[in-house]
Amino acid sequence: MDFLRPMSWADALAARAEHPGALPIQGGTDVMVEINFDVHRPDALLDLNPVRELAEWDTVDGRLRVGAGVPYVRVISELGDRLPGLAQASRTVGSPQIRNRGSVGGNLGAASPAGDSHPPLLAGDAVIEVESAARGVRMIPATEFYLGVKRNALEPDELIRAFWTDPAPGPQYFSKIGTRNAMVIAVCSFAIALHPAERRVGTGVGSAAPTPRRATAAEEFLAAELDWENRTPLAVSAAQRFGELVKEAASPIDDVRGTADYRRHALSVMARRTLTWAWNDYMGKSRKEAS
Amino acid sequence: MATPIKSPGHVAAPGQGGVGDSPLRPDGTLKVTGEFAYSSDLWMDGMLWGATLRSPHPRARILSVDIGPALATPGVHAVLTHEDVPGRKVYGLDHTEDQPVLAFGEVRHQGEPIALVAADHPEIARRALERIAIEWEVLTPITDPRAVIADPANLKVQERGGIARHQPVRVGDVEAARARADVVVSGEYQVGIQDQAFLGPESGLAVPNEAGGLDMYVSTQWMHNDLKQIAPCLGLAEEQIRMTLAGVGGAFGGREDLSMQIHAGLLALHTGKPVKMSYNRYESFFGHVHRHPADMRYEYGATADGRILYADVEIVLDGGAYTSATLNVTGNAASLGVGPYEIPNIRIDAYGVYTNNPPCGAMRGFGAVQACFAYESMMDKLAAACGISPVEVRRRNAVSQGSKLATGQVIESPAPLAEMLTRLEAMPMPAELDASDIRDLPGGASQTTHGEGVVRGVGYGVGIKNICFSEGFDDYSTARVRLEVIGGEATALVHTAAAEVGQGLVTLKAQIARTELGVQRVTIAPADNTVGDAGSSSASRQSYMTGGAVKTACEAVRARLLAMAERKLGRWLRSFGDLNVVGGKIVSRSQGVLATIEEVLGDEVIEETREYHHRPTTGMDPVTGQGASHTQLAICVHRAVVDVDVDLGLVKVVELAAVQDVGKILNRLSLEGQIHGGSAQGLGLAVMEEIVVSGGLVRNPSFTDYLIPTILDMPPMRLDIVENPDPDAPYGLRGAGEPPTLSSTPAIVAAVRDATGRALTRVPVRPEHIVA
């Protein structure tokens, strides 16, 4: 197995073009496990750790551009105030050691439906910046990035450079079911993000379909239901209906981690609860502004 | 040749502590800092790596095996099948040799070893395995243990039939008692397959020696019993194999059976080179036996005030394809099937059954765990039916010293269960829920609730476990103790073959030597088979048995030391027979300090070897189950407080409180660790740990999907350790490692039932059971 170690982004893209069979590796928290267990045997590993650009984040015209290699621990500590939903999801990833190494870029590369960062990226309208040496940069909305179980929209010569998203314009929450209280792969997960300026709610459903996905009907229902102007309390029936619509958006399976029925049920509960928290925050902000 | 291992024995035991103190473990710092050498770290220049080809099928006939392409792989030194086993082709525990060294004719479970490869590099060995071609005739696996009991003659995985053991227990007249009962309750309970989940994979090193034999460095619970199985299969005499204990990374019963020992030996003898084997995590799930899953039916009748009149019980344990420890596990399930309660009329039928499911054997609690979940669930059911509290129903039926167990065995030493329950009930309750930190809520950092849907529940559990081997087994231990002056200081060397598997025996052996010999400096020799059998590090027995052997050997050394002192100091002594050794000095009761140990010993060496035997036990009557089959009995009681998110089915165990009678505290730090660890393992069984099997195939052989509790799942514990000495045991001690594993599981499930109102008849409880 060859080990490619480009020292710059340009070299990384060149190496990627030259070795389409090479598997990019950043933290290795997923790739190395699979190699150790002989699940995959790539011709080569393309080590992106020396590419310092990937470990940086910046604000460009008010939008956040977060390098694919920024580890979860830094998403939590440096971006927690601007991306609370993603930070909450990051806190649920593995153990402290895993969060030191693992990154959102790795999650996007693996494209597992259970990846914890996908639902908040979907709810927050993230766009994935990918690049190839031959064709340059391509911007792929998160909604179009996930194609199937562990399949993403990346071409063989492309690498993930960063993801773009707005600093949270409103309350965000992430919630995940696991059968223990830490270090657990999602049985199912849900993210919500309020976009008050657009009078809209974003959602992301994880581990309950072949790909992470939005609950579009649930979003549309809420856009019409919520009283953004007067910030009036959420009707219990509206929260219930939202939960039902999120549940209907999922197409889960039975596996060792949980049953399809349980996943659907749990999604409806998480959707209802996270909406309630987010809307209460939104109303609270209103009260604070008023005073 | 330098020894390839650095075992805890090479570290002189530090600290000043005798029995009752809490000196730190000599291997503790090394383990915490990652410097301890485990068996998977063994290394020898020029060694080869062994690898194992395993069956993908739970049941299939092997029509042909082609090793040619594998053998032709560059870097491969040997490819072996059952045809290359020079001696007996089968091995097993307790004279039930039914486990093939390498499969011949048929495979009986997924993961059964078929062929071995030795190569220069583990990667080459794994590639070579892929080149071994096998032609199969795949058969339908036998996977339903109840079907086997219904038709044991036809559904037989083993030639001897489908049932490994049926142990009945018959006391009194159940039918007559049923007619008298005011209250009758019944239940069916299931226990899933729990794994020992030790972190050190099966691994070891076999080195050919000059005499045509082997030096083996193994990670095991019982070296001498390994040797008894290894030697005949390799066609060697036991004397030709030198066994040394390598660093053991946890055991919990999973290392009572052999794993890679014979295989590495075969490859080493065949190639003439040292051979190392080390399973990866996936393989490890197929490399050792698990806890028997159980299917149990219970019916109790009682008076209106909750006094049990009869118990009618059926326990079915699925032992998988080979016998392993199934016979004794079944015996325990039968003899302890109704727990520490006085019940005048009993009918128990316990079955251990062969199937093509994963082989099951020893695991902490050993047959008593499964029954405990059922009988404690029944006690709660009875309490509810009689309208009395769960604690009160247990107190009303509790055994005490002088009570009879289901086997008719009289409990001869203290067993104050009712008093322990009262102490447990009186312990303060944990604080009410503080929802401000989500890590304290069900779901933890996954943020499934901010307090919504969370309901608190409280539950109690009681368990009784036999300590030491039962049913007539003489599981003695041997210790050699040597006293001499080294560098001007009296030094004791303690040598046993007992396996340190993490339980802290190396610490305790030094404590005993300090107490008995009055010396400070104690060295623990590496465990090997140049000293006699120590028996197994299981059944919570090593403090009792090897502790007893070390104590006895020390007493013999001390007697010789004092005789030597009388001889040397005789002309100054006013009377003989009143000398003792205290704090490194020879002391006379009437004259005070007379000399130091060093002055008396000079350059002489005192060495004594002693065997220690526990009091004899009897078998269980094959028809009535009666007999004084247990050496010692130990009781632990738990109270669990849980918060359950009843909408999502997620559980947070808020607190576990325990009262355990240990007879005598030898090392409080180690003891508390044992109780914490045992309780955590019981917590795992209650709410998450299960090897999921369907059609004989394991669905989750990894720590990604076989979940064990983390520090965020295991709550703080409140302990009340009781000391009622057992006059038969060294220092009055009572084995302590297993009892907490029994009672924490039913206590937690009872608490979840209390919070949710659900029946919850199966462990581990899954979220879908709670929200269903």
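How many bridges join strand S1 (residues 48–54) of chain B to S7(B), and do the two run parallel or antiparallel? Here are some notes on that and on a few other features; please keep in mind that this is a predicted model.

1. **The pairing of S1 and S7.** To take the opening question straight away: six bridges join S1 of chain B to S7(B), and the strands run antiparallel. If you would like a residue pair to look for, B:Thr52 has B:Leu116 as its bridge partner in S7(B).

2. **A second partner for S7.** Strand S3 (residues 76–80) of chain B also pairs with S7(B), in the antiparallel sense and over four bridges. Here B:Val76 is matched with B:Ala119 of S7(B).

3. **Is S7 buried or exposed?** Strand S7 (residues 113–119) of chain B is largely enclosed by the rest of the structure, because seven of its seven residues are buried.

4. **The nonpolar core.** The largest nonpolar core holds 316 residues, and the members that touch the most others are B:Val117, B:Ala513, B:Val642 and B:Ile748. Among the elements, helix H10 (residues 368–386) of chain B gives the most to this core, namely twelve residues.

5. **Around B:Ile748.** This residue is worth a look in your viewer. Setting aside neighbours within four places in sequence, B:Ile748 is in contact with B:Gly459, B:Ala640, B:Val642, B:Val653, B:Leu683, B:Ala686 and B:Val687. One of these, B:Val642, is itself among the core residues that touch the most other members.

6. **Domains of chain B.** The assignment splits chain B into domain 1 (40–140 + 204–248 + 255–286), domain 2 (290–470 + 619–771) and domain 3 (477–612). Taken over C-alpha atoms, the centres of domain 1 and domain 3 of chain B are 40 Å apart.

7. **Where domain 1 meets domain 3.** In chain B, 13 residues of domain 1 are in contact with 14 residues of domain 3. On the domain 1 side, helix H6 (223–234) and strand S13 (241–245) of chain B each supply at least two residues. By class, that side of domain 1 of chain B has six nonpolar, five polar and two charged residues.

8. **The contact between the chains.** Chain B brings 30 residues to the contact, and chain A brings 29 residues. Helix H18 (residues 767–771) of chain B gives the most to the chain B side, with three residues. The side of chain B that touches chain A has ten nonpolar, eleven polar and nine charged residues.

How values were computed:
Residues numbered from 1 in each chain as written. Chains lettered and ligands numbered in written order. Predicted model: local features only at pLDDT ≥ 70, side-chain atom pairs only at ≥ 80, totals over all residues. Domains from an automatic or database assignment. Contact = placed C-beta atoms within 7 Å. Nonpolar A, V, L, I, M, F, W, Y, C, P; charged D, E, K, R; others polar. Buried ≥ 20, exposed ≤ 12 C-beta atoms within 10 Å, placed from the backbone. Pairing = 2+ DSSP bridges. Core = buried A, V, L, I, M, F, W, Y, C linked by C-beta atoms within 7 Å.
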